[in-house]
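User: I'm new to this structure and keep tripping over the labels people put on it. Could you walk me through where they come from?

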Amino acid sequence: MQIVQTSGQIHAGHDHGILGKWIETLTENLPVSEQVHEFITHFITDSLNIFLLLFVVMTAVYFLSSYINMDKLHHRLAHLNSVPGYLLAAAAGILSPFCSCSILPVLIGLISVGVPVSVCLCYLTASSLINLTAIVSVFAVAGVNFGIAYLVGAVVVLLILSVLLASFKLENGVKHYECEHHHDHAHEPKTLGGRLKHALLDTLNMVKKCWLFILFGVALSSAIMSFFSLDAITQIVNSNEMLSSLIVSIVGIPIHSDMFTIAPVLQLLLKISPAVALSFALSSMVVSIPSAILLTRALRVKTVVIYCVAAAGVTILVGLLSCLLF
């Protein structure tokens, strides 16, 4: 990272490579201040990079997922409980569809055949934190070292939360729910070309749902890098790292996001503090207000509150502990 001095303000510069230099050349004659020019360059370059990365990664993940028979995993999970059930629930969550609307009907189906609510919530947590998309994306977006740290932190959150949920009596918290949507694996294409086409369509559908959030994140991170002193922010965060970790965790928990929608902010936080970035990533992925509202259609409000509070508390704790390890 290079620091550029402009008009008495220190700004963080990116080495955007050939693409960044080309865009900077195209925009250098715009009648705007140097800070605004820097913002435009960051915004365009980062947007193109993230959307390209998103398209490649998501297509690959959806393509590989088409070879996984989730129905067999769900059938097997329906006949297990206790420790084997939790382990299989975590495995099923990792391999689950990316979309929450696909997970919820499956979740209710498992509850209806007698799978403990706590096991089902373990499945939900794993599908939120460490699904295939999240795992591949965090390595692609943030690099190997942070990817490993995120994976370890997510597994720790899942383990502690599962133990907590198992100690609660949640079986009376189930509501009647009629599935409105279920992914029919029988109609998925079986040919190589069909699988690839299906993966591309799923990727385009996902991009349609999150493109605005991604652009908002890029604009926010670009504005911070262009109009504020990243060096000063880094000093403030590093001098109050645990407080900063707590703040970003509280901010991250309510928002509905995935690894790509938080990628711009995550990349910025990585430059400031890996521990704070980890806290933000975990809290943003584990639970959100929209997912909690959706969950109330299946479980009683009290049960949903217990789950959300426990998930938020454990995630914040792991985030704070990461400050001592980084």
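Analyst: Sure, and one definition comes in handy right away: a residue is called buried when its relative accessible area is under 20%, exposed when it is over 50%, and partly exposed in between. Keep in mind that this is a predicted model.

User: What makes α6 a largely enclosed helix?

Analyst: Helix α6 covers residues 117–129, and twelve of its 13 residues are buried, so the rest of the structure largely encloses it. The buried ones are V117, S118, V119, C120, L121, C122, Y123, L124, T125, A126, S127 and L129.

User: Why is C120 called buried?

Analyst: C120 sits in helix α6. Its relative accessibility is 1% and the cut-off for buried is under 20%, so C120 counts as buried.

User: Which residues does C120 touch, apart from its close sequence neighbours?

Analyst: With neighbours within four places left aside, C120 is in contact with L107, L110, I111 and V115. There's also a link in space to a part further back along the chain: the C-alpha atoms of C120 and A90 are separated by 9.4 Å, with their positions 30 residues apart in sequence.

User: V115 is on that list. How do you know whether V115 is buried or exposed?

Analyst: V115 belongs to the loop between α5 (100–112) and α6. At 2% relative accessibility, against a limit of under 20%, V115 is buried. From V115 to G85 the C-alpha distance is 8.4 Å, and the two are 30 residues apart in sequence.

User: How do you know how α6 compares with the expected helix span?

Analyst: Its 13 residues reach 18 Å from first C-alpha to last, close to the 18 Å expected at 1.5 Å a residue. Helix α13 (residues 274–286) also has 13 residues, and reaches 18 Å, close to the expected 18 Å.

User: What makes α13 largely enclosed?

Analyst: Twelve of its 13 residues are buried, so α13 is largely enclosed by the rest of the structure. Those residues are A275, V276, A277, L278, S279, F280, A281, L282, S283, S284, M285 and V286.

User: Which residues of α13 does G252 touch, and why is G252 called buried?

Analyst: G252 lies in helix α11. Beyond its neighbours within four places in sequence, G252 is in contact with F280, S283 and S284, and these three are among the buried residues of α13. Its relative accessibility is 0%, and buried needs under 20%, so the label fits. G252 and A312 are 60 residues apart in sequence, yet their C-alpha atoms are 9.9 Å apart.

User: Why does S245 count as buried?

Analyst: S245 is in helix α11, residues 241–252. A relative accessible area of 1% falls under the 20% limit, so S245 is buried. Not counting residues up to four places away, S245 touches V276, S279, G319, L320 and C323.

User: What makes the link from S245 to G319 a polar contact?

Analyst: The side chain of S245 reaches the backbone oxygen of G319 at 3.4 Å, and a polar contact has to be within 3.5 Å.

User: Why is V144 called exposed?

Analyst: V144 is in helix α8, residues 144–167. Its relative accessibility is 52% and the bar for exposed is over 50%, so V144 counts as exposed.

User: What makes V144 part of a nonpolar patch?

Analyst: Patch residues need over 30% relative accessible area, and V144 has 52%. V144 forms the patch on the surface with I148, V152, V156, L159, I160, V163, L164 and F168, and their accessible area together is about 740 Å². On the other hand, α8 has buried residues too, including F146, Y150, V157 and L161.

User: Why is I40 called partly exposed?

Analyst: I40 is in helix α2, residues 34–65. At 21%, I40 falls between the 20% and 50% limits, so partly exposed is the label.

User: How many residues of the whole chain are there, and what share is buried?

Analyst: There are 326 residues in the protein chain, and buried ones make up 48%. The chain has 15 helices and two strands.

Technical notes
Residues numbered from 1 in each chain as written. Predicted model: local features only at pLDDT ≥ 70, side-chain atom pairs only at ≥ 80, totals over all residues. Heavy atoms only, no water. Patch = residues over 30% accessible without salt bridge, like charges linked within 9 Å, V, L, I, M, F, W, Y side chains within 5 Å. Areas by Shrake-Rupley, 256 points an atom, 1.4 Å probe, with all protein chains shown as cover. Salt bridge = Lys/Arg side-chain N within 4 Å of Asp/Glu carboxyl O. Helix = DSSP H or I, 4+ residues; strand = E, 2+ residues; numbered from the N terminus. Buried < 20%, exposed > 50% of the residue type's maximum accessible area, 1.4 Å probe, protein only. Expected span 1.5 Å × (residues − 1). Polar contact = N/O pair within 3.5 Å; in protein donor to acceptor, adjacent residues only side chain to side chain. Contact = heavy atoms within 4.5 Å.
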